[in-house]
Amino acid sequence: MLIAKMNQGKDGDETGTGEGVGEAAALWPAPQAERAIDATVPLPGSKSLTGRELVLAALADGPSTLHAPLQSRDAALMIDALRALGTEIEALPRGESADPDLRVTPAPELTGSTTIECGLAGTVMRFVPAVAALALGPVAFDGDPYARMRPMRPVLDALRALGADIADEGRGALPFTVHGTGSLQGGRVELDASLSSQFVSALLLAGARFENGVHVVHTGERLPSLPHIEMTIATLRARGVRVDSPADGEWIVAPGEIRAIDVTIEPDLSNAAPFLAAALVTGGRITVPNWPSSTTQVGDSLRTLLPEFGAATHLDDAGDLTITATGAISGVSLHVPEAGELAPTLVGLAALAAHGTDGTDGAASTITGIGHIRHHETDRIAALVAEINALGGDAVELDDGIEVRPAPLHGGVWHSYADHRMATTGALIGLRVPGVEIEDIASTSKTLPRFTELWGRAVAPREALAESSRDGVDVAFELGASGGDAAAHDTSLGQAARGFIAGL
């Protein structure tokens with residue numbers, strides 16, 4: 001029953017990331033830290049901001065340029081989807097050590113009669129249907145096998161209520177077809193966004209292009225990841241769109257033009273989570289440069305969450321955020337409904353706190369408010385509990401979270417379920433626990449194609465770095481990374497993704 005709930009990365013999920021759970025060819029030996037980490041890790045652009053800015057640029061009143069956008073599988077799927085609807089998106093190279101900018105030119109008229117591949121990208125499967133409703137002609141949507149299990153009904157029903165013609169044979173999930181007529185009436189609509197804040201963002205992003213705008217009323221008892229809705233509102237207002245929130249759980253987007261602008265994408269602060277957490281695991285220090293002083297990204301809450309585990313944080317005037325370990329990892333009691341995408345890293349830290357240090361007993365932790373992560377790339381609560389327990393841990397599923405009780409961990413295979421954040425959590429645990437092997441490390445290409453290289457360079461002993469530099473050996477490969485699957489993903493995204501390692 002547990003297996004049925006989780007994405008196994010099988011069923012022909014060839015673009016997804018692995019050939020299936022437990023296959024030896026896909027195993028990546030997680031490097032164990034041989035020293036206290038002291039590294040600076042520059043990160044590429046935010047996945048959440050890149051997706052939103054691409055959609056808004058495609059609906060704008062003229063060409064926009066996105067500076068430093070994320071180059072990843074999710075970003076590539078969004079680009080392909082918008083191109084299929086007639087948007088022109090051109091890569092603007094910035095040199096070998098930097099990812100390209102993107103020049104986005106809206107189509108004079110969005111066109112349908114096409115198919116959109118969503119992969120496992122929630123932003124594509126949820127944001128793009130509203131755009132497709134503004135196109136002329138049918139637009140068919142499908143994705144990876146597990147994507148068909150991700151909830152879609154609330155946003156599809158909401159679009160129907162706003163005037164869209166959508167055929168899904170009653171599934172309320174992928175695959176479905178949006179029969180666009182070139183416009184959408186819009187107006188007031190109620191929906192329950194308890195399972196995903198993306199349902200709300202999907203309507204707000206395209207709402208200015210609806211004839212009557214959109215007035216979204218959330219009817220559920222809870223609303224996860226509210227900062228992501230605030231991010232959507234901020235990106236809309238930056239483009240001159242009027243957005244009001246007359247009450248909690250209610251938003252109004254006025255009809256009108258979406259202004260074309262040039263925008264620089266912030267680094268992905270959620271991608272920083274495993275790297276910053278690595279400082280606590282190894283008793284060291286990690287710095288992430290270009291951390292914004294003010295942001296709507298959920299990842300910014302790491303500055304308050306990591307001290308709960310025993311970290312010291314410092315953000316200097318230059319925008320360098322440094323996390324420093326102050327001792328053993330502490331057990332925690334956290335309620336984090338707005339930080340679900342950080343939950344895998346937080347649970348990984350909790351598992352290591354429960355593991356103990358140098359033979360001492362571990363500490364228990366409880367992390368709640370994260371029930372909605374059951375509907376992410378996989379059932380992350382079930383997956384985290386299963387993998388921690390498989391390594392000897394004592395984790396228990398709660399209705400709305402996870403309890404981790406003291407128990408020593410041992411090596412073994414850590415399954416990723418084609419989920420990038422599951423893979424990075426396994427790598428984090430492997431820093432301290434010898435013999436951890438990650439199944440399908442290439443799933444990290446969803447948001448960070450060069451994860452193994454960044455990770456390897458951060459945790460490798462300095463003498464290994466110097467030796468690899470002399471020998472021309474990639475550190476990630478020297479540490480045991482198979483690299484093959486990830487490299488295949490990098491090739492599909494373009495050589496510019498290699499610029500992520502600049503400055504390490």
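This report walks through a helix pair, a set of annotated residues and two notable backbone spots. The model you are looking at is predicted.

**Two helices side by side**

A good place to start is helix H5, residues 153–161, which packs against helix H6, residues 198–207. Their axes lie 9 Å apart and meet at an angle of about 30°. Since angles under 35 degrees count as roughly parallel, H5 and H6 are therefore roughly parallel to each other. Their crossing is right-handed. On the H5 side, the contact is made by Pro 154, Val 155, Ala 158 and Leu 159, while H6 brings Phe 199, Ala 202 and Leu 203. The residues of this contact comprise 7 nonpolar ones, with no polar and no charged residues.

**Annotated residues and a cavity**

Next, have a look at the residues that an unreviewed UniProt entry annotates as "binding site": Lys 47, Ser 48, Arg 52, Ser 196, Ser 197, Gln 198, Ser 225, Glu 341 and His 376. The lining of the largest cavity includes Lys 47, Ser 48, Arg 52, Ser 196, Ser 197, Gln 198, Ser 225, Glu 341 and His 376. One of them, Ser 196, is found in the loop between strand S10 (187–191) and H6.

**Two backbone spots**

Finally, here are two places to find along the chain, each with its backbone angle.

| Residue | Backbone feature | Loop |
|---|---|---|
| Pro 175 | cis peptide bond with Leu 174, omega about -10° | between strand S8 (165–167) and strand S9 (176–181) |
| Ser 113 | positive phi, near 50° | between strand S5 (101–105) and strand S6 (114–117) |

The positive phi of Ser 113 occurs in a residue other than glycine.

Notes: Residues are numbered from 1 along each chain as its sequence is written. This is a predicted model: local features need pLDDT of at least 70, side-chain atom pairs count only at pLDDT 80 or more; totals for chains, interfaces and linings use all residues. Side-chain values use heavy atoms; hydrogens and water are left out. Axes are lines fitted to C-alpha atoms, for helices over the stretch in contact, and angles run from 0 to 180 degrees between N-to-C directions. Helices (H or I, at least four residues) and strands (E, at least two) are DSSP runs, numbered from the N terminus. Angles under 35 degrees count as roughly parallel, over 145 as roughly antiparallel, 65 to 115 as roughly perpendicular and the rest as oblique. A crossing is left-handed if the near helix is turned anticlockwise from the far one by less than a right angle, and right-handed if clockwise. Contact means heavy atoms within 4.5 Å. Ala, Val, Leu, Ile, Met, Phe, Trp, Tyr, Cys and Pro count as nonpolar, Asp, Glu, Lys and Arg as charged, and the others, Gly among them, as polar. UniProt positions are given in the numbering used here, feature names are shortened, and annotations may be inferred rather than shown by experiment. On a 1 Å grid over the protein atoms alone, a cavity is a set of points where a 1.4 Å probe fits but cannot get out, and a pocket is an open set with protein on both sides within 12 Å along at least five of seven lines; lining residues have an atom within 4 Å of a point.
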